[in-house]
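Biologist: I would like a close look at a single part of this model. Please take one helix and follow its surroundings in some detail.

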Amino acid sequence: MLKSLLTNSDTETQIDKLVTKMTKAMNTVGRLLFLYYWKGDQFEEMYGPQKLPEFEGSARKAFEVLGDMILFLKRNKLDMTAFEGSEPIKLSDNEE
């Protein structure tokens with residue numbers, strides 16, 4: 001996997017693929033949280049009541065962190081096609 005990331009020069013495509021996988025992971029964590037909230041008694045039977053706060057906290061944090069990362073990558077992506085054919089930006093009047 002690392003080799004394919006290092007040898008592929010199209011970073012944008014790689015990021016798009018990874019964001020898709022992150023979105024699926026976030027969906028899975030969200031479903032697990034929903035299941036926990038819906039059937040908490042069964043989780044308690046399976047894992048014990050003392051472990052549930054740790055599970056809930058970890059699952060919520062994972063859901064939030066994945067969501068933040070996905071939003072960051074989608075919102076902050078520059079549309080480089082908007083800059084194609086444009087003149088270079090001059091930083092001062094003395095610049096040629």
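How many residues does helix α4 have, and what does it reach from its first C-alpha to its last? Please go on from there to what α4 packs against and to the aromatic rings around Phe55.

Modeller: The model is predicted, and what follows is computed from it. Helix α4 covers residues 52–75, which is 24 residues. From first C-alpha to last, α4 reaches 34 Å, close to the 34 Å expected at 1.5 Å a residue.

Five residues of α4 are listed as buried: Leu52, Ala59, Leu66, Gly67 and Ile70. Their packing partners are α2 (11–38) and α3 (40–47).

Take α2 to begin with. Two packed helices are described by the angle between their axes and the distance between the axes. For α2 and α4, the angle is about 150° and the axes are 9 Å apart. An angle over 145 degrees counts as roughly antiparallel, so α2 is roughly antiparallel to α4. The crossing in which α2 passes α4 is left-handed.

The link to α3 can be followed through aromatic rings. A pair of such rings is described by the distance of the centres and the angle of the planes. The count of aromatic pairs in the model comes to 6. In one of them, Phe43 and Tyr47, the ring centres lie 6.0 Å apart with the planes at 40°, so this pair is tilted. Phe43 and Tyr47 both belong to helix α3, where they are 4 residues apart, or about one helical turn. An α-helix has 3.6 residues a turn, so residues three or four places apart point the same way. Their exposure can be stated too: Phe43 is buried at 9% relative accessibility, whereas Tyr47, with a relative accessible area of 48%, is partly exposed.

Phe43 also pairs with Phe55, with ring centres 5.5 Å apart and planes at 35°, so this pair is tilted as well. The pair joins distant parts of the chain, since Phe43 sits in helix α3 and Phe55 in helix α4, 12 residues apart. Phe55 has 24% relative accessibility and counts as partly exposed, because buried means under 20%.

Phe43, Tyr47 and Phe55 are among the members of one aromatic cluster, which also includes Tyr36 and Tyr37.

How values were computed. Residues numbered from 1 in each chain as written. Predicted model: local features only at pLDDT ≥ 70, side-chain atom pairs only at ≥ 80, totals over all residues. Heavy atoms only, no water. Helix = DSSP H or I, 4+ residues; strand = E, 2+ residues; numbered from the N terminus. Expected span 1.5 Å × (residues − 1). Buried < 20%, exposed > 50% of the residue type's maximum accessible area, 1.4 Å probe, protein only. Contact = heavy atoms within 4.5 Å. Phe/Tyr/Trp six-rings, centres within 6.5 Å; stacked < 30°, edge-to-face > 60°. Axes fitted to C-alpha atoms, helices over the stretch in contact; angles between N-to-C directions. Parallel < 35°, antiparallel > 145°, perpendicular 65-115°, else oblique. Left-handed = near helix turned anticlockwise from the far one by under 90°.
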